[in-house]
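Here are a few exercises to work through with the structure open in your viewer. Try each task before you read its solution.

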Amino acid sequence: MSQKNRLGTGGRIDRTTPLKFQYNGKTYTGFQGDTLASAILANGIDVVGRSFKYSRPRGVVAAGAEEPNAVLQLGATEETQVPNVRATQQELFDGLTSQAVNGWPNVDNDMMSWVGKLGGKMMPPGFYYKTFMYPKSLWDTYESMIRKAAGLGRSPLENDPDTYDKVNQHCDVLVVGAGPAGLAAALTAARSGARVILADEQSEFGGSLLSSKELLDGKPATSWVKSAVDELAGCADVLLLPRATVNGYHDHNFLTIHERLTDHLADKAPVGMVRQRLHRVRAKWVVLATGAHERPLVFSNNDVPGCMIASAVSTYINRYGVVPGSELVLMTTNDYGYQAALDWHDAQRKVVAIVDTRQNPQGARVEQARKRGLNVITGSAVIEVQGSKRVSGVSVATIDAAGNKVTGAVNRLNADTVASSGGWSPVIHLSSHTGSRPVWDDKVVGFVPGPTVQKQLTAGGINGKYSINEALSEGVLAGLNALAKLDLPATEVVLPSAADMVEEASMTLFQIPHLLPTSKAPKQFVDYQTDVTAAGIEVACREGFESIEHVKRYTAMGFGTDQGKLGNINGMAVAAKALNKTIPETGTTIFRPNYTPVTFGAMVGRDCGELFDPKRYTAMHKWHVEHGAKFEDVGQWKRGWYYPKPGESMQECLDRECKATRDSVGILDASTLGKIDIQGADAREFLGRIYTNAWAKLAVGKCRYGLMCGEDGMVFDDGVTSCLGDNHFLMTTTTGGAPRVLEWLELWHQTEWPELDVYFNTVTDHWSTLTISGPNSRKLLSELTDFDLSNENFSFMDVHQCTVAGVPARVFRISFTGELSYEINVQANYGMHVWEKLFEHGKQFNLTPYGTETMHVLRAEKGFIIAGQDTDGSVHPHDLGMSWCVSDQKPFSYVGKRGMARQDCMRENRKQLVGLKTKEPKVVIPEGSQAVFDPNEPIPMTMVGHITSSYYSANLGHSIAMGVIKGGLSRMGETVYYPQADGRVIEAEICSLVFLDPKGERQNV
Amino acid sequence: MQRYSGFGLLKHSLTHHENWQRVWRNPTPKKEYDVIIIGGGGHGLATAYYLAKEHGITNVAVIEKGYLGGGNTARNTTIVRSNYLWDESAHLYEHAMKLWEGLSQDLNYNVMFSQRGVLNLGHTLQDMRDIQRRVSANRLNGIDGEVLDPQQIKEIVPHMDCSDNTRYPIMGASWQPRGGVARHDAVAWGFARGADAYGVDMLQETEVVDLVIEDGAIVGVKTNKYGVIKAGRVGSVVAGNSGVIAKMAGFDLPIESHPLQAMVSEPIKPILDTVVMSNHVHGYVSQSDKGDLVIGAGIDGWNGYGQRGSFPTIEHTMQAIVELFPIFSRVRLNRQWGGIVDTCPDACPIISKTPVENLFFNCGWGTGGFKATPGSGHVFAASLATGEMHPMAKPFSMFRFHDGALIDEHGAAGVAH
Ligand SMILES: Cc1cc2nc3c(=O)[nH]c(=O)nc-3n(C[C@H](O)[C@H](O)[C@H](O)COP(=O)(O)OP(=O)(O)OC[C@H]3O[C@@H](n4cnc5c(N)ncnc54)[C@H](O)[C@@H]3O)c2cc1C
């Protein structure tokens, strides 16, 4: 059976280009220009899915973004799987592979439907809140059963082969939607030279005109569309974006557009192409010309495949040359709905009846239908549909003028298709993204955009203006308004016009009455995808869920992937009726981004994998790699962690590096330390306010260690700052803390002390920093410089400018190891040269490279803290035993002074940083271990501190640790215990933090 | 109260579900209550429930400006865990965890508390030190927790990229098997239904617009709908709006209100069985029983009361998720939204007396208060009932910002939610 529903002529498809595609493992043919849905319908496929809760068979209902049922799995290979693609929005391509997402063994015969049929009655909204509670122990089992039913499509299990881009755009006017209103708005704006972006989610511009048979100035509407698009394409500052959904409208007229560049071509983007792009648009003005979605009516069994919205029937016939059935019954509350029957009839298939809920309709389309001899039944409704996998017939009955009850006998008609039209709902989604509340319009019988603070205009269907002439003129008006606001001159736009049709008021009706009350009538679906019925909404209301938000949440209405585009207004109407309120009284409907779902990859763009976060390398990185270094991530930096020799374990390597440094000389690449250049007449004053210690007297050429605290008095960063000139300082920070510290300085300067004359500039990567440390470091350096390195001329905490290895350098004599040390700073790209020179001359001293781990051990032997490791935002300088680094003599205060003086910060018995020596010298206490005084206390135990740093020290021949202990500074010599996960309890003695060279003689030689 | 059970469902299906009772009444307010709770979120409703159930105080009103549970309770990503670092918070959240473990039965309302475990990933050596420290503290506090290596993580989350080829390879994780997620709306509704059954009045669509304070003590609240309603004690539980109520009371709180966003994918077949959180790449994800991937990250940096955040935050979050799960790149994002979270400088809540007598505050839960809902309500109810703070609530006094006794969960635990 090939394309049994395809018409011989007509439509915007190319019958000369047949395309093969797969659905559920079978191969079918469609044509270029088809959507997957139109091709499925052309081939006479009825069932495209199973409903979520009741496993009822479902067919295609709509032709666009509002489709709730035809949600398929796409992808020919594992890596190209895409879940939940709406068939109505997927263009057909040759080789497209698709599958229904539910149904076992298949979507046509789903075993789960028996559960739905038998158990469905026991599944009112929220039934899961009322059961599965007893016995408590069975909940996990219940839940795993519930979970089995979860989900529509599936995630691929292999990585995405495609790439995605992001583009930033600016424009004067962004026009959303390229139907008549949007095209007119874009033309109006573009003719005046405005920068315009026109975006439409469909493959072609034209919107409703693409499936309309109306004439504009006597010619097919599509020929006007073509001339309009051609003209726009010829404008220099117009960007046309088809296949581009504006999916989010954010504050300050920032919108995102999800453009699909290759999804219509192949499974995977052709070589050299990007699959999708995300445009981030800042628009001066936005014109929303997003049209309207037709509302289906709510009646019994309205979900049987073959039930469709009327306009979709027309679209399939007129745009795709597909008649989705043989015998049509149309039910409508309005004149527009008739078009489906007219088109059906013109396609030479049988219109069984037009059932109009109005008592005495006489509009132009009604008369056209009568003229064609169609059977128009008025004052009646389709109260129920027969059939399971396809409509087989309908029950029609007369209803009262208000549409509340069935008034007459029921007639059965045979039919395989039921089109329904309950009127139209403006597509107000984008407007409500920004927080603007939609307002109900009785005339439109729908919500229209409410007041907004955005620079937003609206035109056409979104305002409830549905005729082509109105849409066109509203579009021009919006364009003119935008131009006026932008102060751009307007050019005249002459519009074509369509024949005016006499149109009568539609009937305000959402739910069709049944002979039985809603609770007993066969299911009347409101939201297909989430299986919400009118009876379900009534139950929710009856139970006291009265706010529409409660109704939605309790029933799950609107929570599907279509976000309730078809169902929400109907649902509100049903709720309003149940609560005896008007629709606006039950609340309004809030839509959130995304308008339609957006690929994760498109939101990520290139910013993952390698480019997730920049990697920062020092100038000597290559050398480290070549010498087998292991690296550690610190902030964005790759830092050398340790340099194992072949066959060496980590501990052996560290032992070697540590010993070599203390015995002779080691070298560390310290380039990653944050460096901030601080200048200005008040630089010194500023430092005094930011650091806890005094800076007033630091002489030019001298360095000083400083602690920085938050307002709460807790240590936040540390480092050495040196005085390069009276108004010029160089601050160093921790590697990871550098960006934070710069922000901190700027924050205080800009918000609290703007009167201070001081400037900050990050210079971290301007310099390479090579730290040589150890008793032979002076000898080594003297080989590369003529500068007098004697202790008298270049003493501890001095900085000097000199030449090292022929390169200008700033050398700091500071020490983080407690050894004689020099930090050689050279312009970054000289770093490798000097590094290599040092190794050339360092051979004789067994110069040993060491990484961050050895640095940690060596500084721990000296009891020097690492901010962020030995501090955690809860310790102040006194807790660290660093009262010497806090000055209360400063005339101005400093950040943290007041915080530190609070009662709790002054109390005894705070956790204080101390050294810890294990009873077993070789045992290293795991970092993070919690301390207790009484190892036999039952759980919960009283914890008195924890280990912050812990190592084996080869120089000392035993393990060393740093940690905080309650009142630790006055508990020297006492024993604490560290219970471990494996049951061990490690015993340690509280001792001084300084394990080596307590007098500090080694660094002063 | 009509009891719920599978049998009940069967019975009601025979009468077409026409006889279900209301879950709560729509009461006309009395002139005076013993206790008024401002804010009908999870915490406020839990407070009302426990006041009635545990303390026999039933002359209580919950005043909610919108619909019950429509604030952050309705917007959060429902992660529940109790593996906090400091004793004070660990005890409070573990207290909540224990209540969670019997909540569905206690309320006779299935809150779908699903203990599928929570992983907090570590990507740097310092992350791992912090994880070791937190798990060590948890264990000694009697809270379940383990430190896992990448291989063990892979066994639990087979589809996550646990390889070395990522920008920040996963080095390990903390694992709390008892952690998980719950159905947020059900929590609010279950507490509301329970409280209503004891006679608590739930006044929806009613905003507290001022406080009535006489001689330094609160005696009632002024509402937009019913004028002044008197009260013996008042508990304010309004999350992101706490600063507004504090202003009515004439004091300042050290709370900043920030947008916090969350998002869900389209529903997909089950692929992720636990909650995965990463502070370092900065995102977290779980999969709901419906199949949605539920995703979130950190706050938007600025202050505000609009329940919307900015797009760059969303982009960054999605980058983190795809970095952790590259296979999700072709999955699609369905919906995103925001709430307003009340963040405290030390990332811990305020459960406290205030400078105004008989006015109590419960707020500052920031990005992570859902998990505390039953515990918070329980200790707050005890405090409102007796007029003295429950021992577990005491450390969370608002005066800690004066005396410095902060409970800084930023430093070592760092992970929000
Ligand atoms: C996006 C997001 C994700 C989150 N994820 C998690 C998570 O995974 N895990 C977790 O534990 N926590 C999470 N949280 C935090 C959690 O949601 C909150 O901490 C918690 O729900 C707070 O509950 P509540 O009852 O205090 O506040 P809410 O639920 O916000 O309730 C406060 C109520 O007070 C009402 N109110 C305010 N002012 C007035 C007034 N003047 N008069 C009357 N009523 C008033 C509001 O309308 C609101 O209903 C998240 C939050 C957000 C926003």
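**Exercise 1.** Find the bridge partner of Ile37(B) in S11(B), then work out which strands pair with S11(B) and in what sense.

*Solution.* Keep in mind throughout that this is a predicted model.

Step 1: go to Ile37(B) and look across to S11(B), where its bridge partner turns out to be Gly235(B).

Step 2: zoom out to the strands. S1 of chain B (residues 32–38) and S11 of chain B (residues 227–236) run parallel and are joined by six bridges.

Step 3: check strand S10 of chain B (residues 217–223), which pairs with S11(B) in the antiparallel sense over four bridges. Lys222(B) sits opposite Val228(B) of S11(B), and the link from S10(B) to S11(B) is a hairpin of three residues.

Step 4: add strand S18 of chain B (residues 359–363), which runs parallel to S11(B) and shares three bridges with S11(B). Here you can pick out Ser236(B) opposite Phe361(B) in S18(B).

**Exercise 2.** Describe the contact between chain B and chain A: how many residues are in contact, how much area is buried, and how many salt bridges are there?

*Solution.* Step 1: count the residues. On the chain B side 107 residues are in contact with 120 residues of chain A.

Step 2: get the area. About 10,000 Å² is buried between the two chains, and carbon and sulfur atoms give 54% of that. Leu140(B), Arg167(B) and Arg330(B) supply 10% of what chain B buries against chain A, more than any other three residues.

Step 3: look at the charges. There are 13 salt bridges between chain B and chain A. One of them pairs Arg129(B) with Glu927(A), with the closest N and O atoms 3.0 Å apart.

**Exercise 3.** Take Arg662(A) and Glu819(A): what links them, and are they buried or exposed?

*Solution.* Step 1: the link is a salt bridge, with 2.8 Å between the closest N and O atoms.

Step 2: place the two ends. Arg662(A) is in helix H18 of chain A (residues 650–663), while Glu819(A) is in the loop between strand S42 (807–812) and strand S43 (821–827) of chain A, so this pair ties together parts that are 157 residues apart in sequence.

Step 3: apply the cut-off, where buried means under 20% relative accessible area. Arg662(A) comes out at 3%, so Arg662(A) is buried. Glu819(A) is at 2% and therefore buried.

Step 4: now find a network. Glu143(A), Arg147(A), Arg116(B), Asp273(B) and Asp289(B) are joined into one by salt bridges that share partners. Glu143(A) lies in helix H4 of chain A (residues 139–148) and is buried, because its relative accessibility is 4%. Leaving out residues up to four places away in sequence, Glu143(A) touches Ser114(B), Arg116(B) and Asp289(B).

**Exercise 4.** Now do the exposure check on the salt bridge between Arg606(A) and Asp165(A).

*Solution.* Step 1: the closest N and O atoms of Arg606(A) and Asp165(A) are 2.8 Å apart. Arg606(A) is in the loop between helix H16 (600–604) and helix H17 (621–626) of chain A, and Asp165(A) is in strand S8 of chain A (residues 164–176), so the pair ties together parts 441 residues apart in sequence.

Step 2: Arg606(A) has 42% relative accessibility, so Arg606(A) counts as partly exposed. Asp165(A), with a relative accessible area of 21%, is partly exposed too.

**Exercise 5.** Explain why helix H23 of chain A (residues 852–862) is described as largely enclosed by the rest of the structure.

*Solution.* Step 1: tally the residues. Eleven of the eleven in the helix are buried, so H23(A) is largely enclosed by the rest of the structure. Among them are Met855(A), His856(A) and Arg859(A).

Step 2: look at what follows. After H23(A) comes Gly863(A), with a positive phi near 75 degrees.

**Exercise 6.** Which residues make the nonpolar surface patch that includes Trp114(A)?

*Solution.* Step 1: the patch is made by Trp104(A), Met111(A), Trp114(A) and Leu118(A), and covers about 550 Å².

Step 2: focus on Trp114(A), which lies in helix H2 of chain A (residues 112–119). Its relative accessible area is 48%, so Trp114(A) is partly exposed.

Definitions and conventions: Residues numbered from 1 in each chain as written. Chains lettered and ligands numbered in written order. Predicted model: local features only at pLDDT ≥ 70, side-chain atom pairs only at ≥ 80, totals over all residues. Heavy atoms only, no water. Patch = residues over 30% accessible without salt bridge, like charges linked within 9 Å, V, L, I, M, F, W, Y side chains within 5 Å. Areas by Shrake-Rupley, 256 points an atom, 1.4 Å probe, with all protein chains shown as cover. Salt bridge = Lys/Arg side-chain N within 4 Å of Asp/Glu carboxyl O. Helix = DSSP H or I, 4+ residues; strand = E, 2+ residues; numbered from the N terminus. Buried < 20%, exposed > 50% of the residue type's maximum accessible area, 1.4 Å probe, protein only. Pairing = 2+ DSSP bridges. Contact = heavy atoms within 4.5 Å. Buried area = accessible area lost by both parts, 1.4 Å probe.
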